[in-house]
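Hi there,

Here is the structure I promised to pass on to you. Have a look at it first, and then read my notes below.

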Amino acid sequence: MKTVQKEDTTKKDIQALLPVLIALCLIPLVILTKDYQTEFSKFPWFNNTELNQIDSFEYAKGVLVIIMGAIAAVIIGFSEYGKMQKKKRLFENADLKVIILLAVYLVMVIISSVFSQHTNLVFHGGGYGQWQTMWVLLGYGMLFMYAYLFINSEKRGLLTIKFLMITTGILALMGVLQTLGHNPLSWKWVQNIITSQSNVEGIDFKEGVSNVILSFNNPNYVGPYIALILPVSAAFIFLRASEDKSKAIAAKIAGVLIVNGLVRTLIGSSSSAGIISVLAGVVFALILILSGFFWGKRPETEEKTDSDEHPHRNSKKGLIIGLCAVAVLVTAGIFSLQSSYIQNTLNKLLEGGNDTRNVASIVNNKADELDITLRNDTHFTLAPKVDTNGQFTITAYDDSKKPISIQQTAEQGIYSLSDQRFSMITLAVNNFSIENQVYSGFKIKDTPNNISWTFVFKDGKWRYYTPFGKFTRLHEVESFGFKDYQNIANRRGFIWSRTIPLMKDYWFKGIGPNAFIIAFPNDDFVGSKRVGDTTTLVDKPHNAFLQIYIQTGGISALAYGGLWVLYIIGGIRLFWRRKQYRNIDMIGLGLLVGIFSFAVSGITNDTIIGTQVIYWTLLGTGYAVNRIIRSDERQ
């Protein structure tokens, strides 16, 4: 009779948690191809025609986030309305600070969307592969709130983690197979399912990039996902997942296999952000655990356990655990420092410190001349002229207006500057046939680095001819920091240096969801080419906080960060000097470390639906679990 009753209550708990379970367990697995078109042809930094593209990893996930977010909102609404009918306070079990921060974030998301000039991107997505529309962002918030409100017991917390481990196990297995070169996404029958709603016959993977992508569109996102999930999976090993001893042992074995699979996947993905954030999480976890070992004190309100009868046994056990943890960390550190994986990570981070590209900027000034700045802050000006007879001449002078002699080299049409300060710059004078019309022009070449910029005389003005077949005038691009580190962390120095100045313009409402590509100065053709040798569009800032700040405004970014800070501070207070860990405590610690590690990975990675839906839902779960722990300790 008790078993039947227990099964009945478990079924009700599962039903109550469905939006959370679907968000954590189903949405991350969804891969379905959508055909769409990118239309940015009105901008000088894009092609003259729209592009036909496909998305397999984000759009379908976004649709499900919207659906589940709407369902969560309706259920929350009915639940709170029922409480009002009973004369209870709205969100009576929730922390008011959490509600306010979430409300501010969501309100600013709506404001940034409604007042954005880029309504198609904001409400429908697409663009350059971005699908986090206003509706998706609101969906995150509702799933967070649902988890926070409806995970109200240890049983529900444990159920959530159990279901999460099922999906994590599937993804870990997929990652191991991808690492071994047997990518399930390449299997014919899987490709048929993925592309069933598309006109394409299959999806391909980039050459030269790791195919260890799990169910995301880039291996870069594998690292943040594992940073978030690995601590929870590690905590699962130490849980008593079932009262049945054989099932409990099976769960621990499954946990060990999942953790091993995730680590193998992380290494296979070559995600630098992943390894750094995981190691940061390890350090964070050890600090919390060892604080309890060395300075821990059992709360007086906590019931005595059997270990209280044998204090030396408890102390010895803690000593062994602590020493083992330290030994594992030291061993892993020594191994890591010797591994090529860690070495490659360090090389990625430090690359760009030795910048040899000579041209820093080129600007069309009011006198229709070209002001050129080199990386050592030396300046000079080129003054090209085309007379009424079509004859081309060019002169140059430095920033003190002293003329610079231009001499023809042995090579026809190639000229050099006689001043030693500018000897690395050459000019290639030529006529250019563009769209059945001939233009006088020349190329400015950074000769040692084989990088050039083409200028032509069109409509009475000197214009830069872009790689996209368009004519534009180059302007001064505002930059902040990273002067000699433009290439650091795979061009992130360049991206951050151009993004930070935008913060003063978008502090309130931002440019709108998905519209970062428009806010970013993609017409910085000199800066883009000097860090990548070719002009590359920047559609994301590779930093979660900057992405939110520019798109939905500084206020929303502060609220987003505030939710994280409030949770981390609360978690540290809860687990600092904690001596004993029950099931719910281990769940809480795993979530805390995972949320912390995910934020660390966000320093060099932007947000995508595949990881954000898990993050928001687990953040709500973490808040709920901490509330349960505090409630238990007050009793």
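Why is helix H17 (residues 544-552) largely enclosed by the rest of the structure? Keep in mind that this is a predicted model. Eight of the nine residues of H17 are buried, so the helix is largely enclosed by what surrounds it. Buried here means under 20% relative accessible area. The residues in question are Ala544, Leu546, Gln547, Ile548, Tyr549, Ile550, Gln551 and Thr552.

If you would like to find the neighbours, the buried residues of H17 pack against helix H4 (96-114), helix H6 (134-150), helix H14 (488-499), helix H15 (516-519) and helix H18 (554-575).

Both ends of H17 are worth a look too. At the N-terminal end, Asn543 acts as a cap, with a side-chain oxygen 3.1 Å from the backbone nitrogen of Phe545. After H17 comes Gly553, which has a positive phi near 100°.

Now for some backbone angles. Most residues other than glycine have a negative phi. Asp377 is not a glycine, yet its phi is positive, about 70°. You will find Asp377 in the loop between strand S4 (370-374) and strand S5 (379-386). With a relative accessibility of 46%, Asp377 counts as partly exposed.

Glu435 also has a positive phi, near 50°, and is a residue other than glycine. Glu435 sits in the loop between strand S10 (425-434) and strand S11 (437-446). Its relative accessibility is 61%, so Glu435 counts as exposed.

Enjoy exploring!

Best wishes

Conventions. Residues are numbered from 1 along each chain as its sequence is written. This is a predicted model: local features need pLDDT of at least 70, side-chain atom pairs count only at pLDDT 80 or more; totals for chains, interfaces and linings use all residues. Side-chain values use heavy atoms; hydrogens and water are left out. Buried means under 20% relative accessible area, exposed over 50%, partly exposed in between (1.4 Å probe, protein chains only). Helices (H or I, at least four residues) and strands (E, at least two) are DSSP runs, numbered from the N terminus. Contact means heavy atoms within 4.5 Å. A polar contact is a pair of N or O atoms within 3.5 Å; within protein, one must be able to donate a hydrogen and the other to accept it, and residues adjacent in sequence count only if both atoms are side-chain atoms.
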